[in-house]
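Here is a short report for a reader meeting this structure for the first time. Look at the sequence and the fold before reading on.

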Amino acid sequence: MDRISWDQYFMAQSHLLALRSTCTRLTVGATIVRDKRMIAGGYNGSVSGGVHCIDEGCYVIDNHCVRTIHAEMNAIIQCAKFGVQTTGAEIYVTHFPCLNCCKAIIQAGIKTVIYAADYKNHPYAIELFEDAGLTVRQVELEEMILDTNSQEKLNLTADLLEKLASAGLDAEEVKPLYEKASKLYTKM
Ligand SMILES: [Zn+2]
Ligand SMILES: [Zn+2]
């Protein structure tokens, strides 16, 4: 079995954290890494003990939900709370950081930002990252790495489709189904 890359490992962790998000507008996860070790993680949610957007609805001002603390902020604050150094660290985030998080990331001494999805990438954030000498790169999560049965599923689907073909279904009809299954079940 192939081992997954560090990038995929940490990016998967951020996506896992995003599943804990309590805001309905966007679910974001962030993982801070130093020397290939996860030192902190966060997702966007309310302050501890506060009401959740998923229960009470978002608190929107100027088209932003102001109830939540962003994932990157939560991860950085966790380091402050427990006295963990962030200098020279890397941060893996599911979405390109907003301006405020961008500034916090720079100020925390984080040197590398790895993000999965573009999200309103603000030109000023890009400029600030550049000026501060951070490395910013995009790494999309290959979701199939999390499915350890993907090959089995593909084989089963291929068998089923073959049976359909031998039962008289047109090969032209089976082909797109097989292609779709391949896309769903195999590593990119
Ligand atoms: Zn919200
Ligand atoms: Zn943010």
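The notes below take the domains, then the sheet, then one helix.

## Domains

This is a predicted model. The domain assignment splits the chain in two: domain 1 covers 6–143, and domain 2 covers 149–186. Between the C-alpha centres of domain 1 and domain 2 the distance is 39 Å.

## The sheet

Five strands form an open sheet. Their order is β2-β1-β5-β6-β7, and the pairing is mixed. Two strands sit at the edges, β2 (37–43) and β7 (135–138), and each of them pairs on one side only. From one strand to the next, the twist averages 20°.

Look at the β7 side. Strand β6, residues 112–117, pairs with β7 in the parallel sense. Four bridges join β6 and β7. V113 stands opposite V136 in β7.

Helix α1 (residues 6–18) packs on this sheet. Helix α1 touches β1 (29–34), β2, β5 (90–95) and β6. The direction of α1 makes about 140° with that of β1.

## Helix α7

Helix α7 runs over residues 171–185. What span should its 15 residues have at 1.5 Å a residue? The expected span is 21 Å, because the rise is counted over one less than the number of residues. The end C-alpha atoms of α7 are 21 Å apart, which agrees.

How many of the 15 residues of α7 are buried? The count is zero, so by the cut-off none has 20 or more other C-beta atoms within 10 Å of its own. Helix α7 is hardly covered.

Conventions
Residues are numbered from 1 along each chain as its sequence is written. Chains are lettered from A and ligands numbered from 1 in the order in which they are written. This is a predicted model: local features need pLDDT of at least 70, side-chain atom pairs count only at pLDDT 80 or more; totals for chains, interfaces and linings use all residues. A residue is buried if 20 or more other C-beta atoms lie within 10 Å of its own, exposed if 12 or fewer, and partly exposed in between; C-beta atoms are placed from the backbone. Domain bounds come from an automatic or database domain assignment. Two strands pair if DSSP finds at least two bridges between them. Axes are lines fitted to C-alpha atoms, for helices over the stretch in contact, and angles run from 0 to 180 degrees between N-to-C directions. Two residues are in contact if their C-beta atoms, placed from the backbone, lie within 7 Å.
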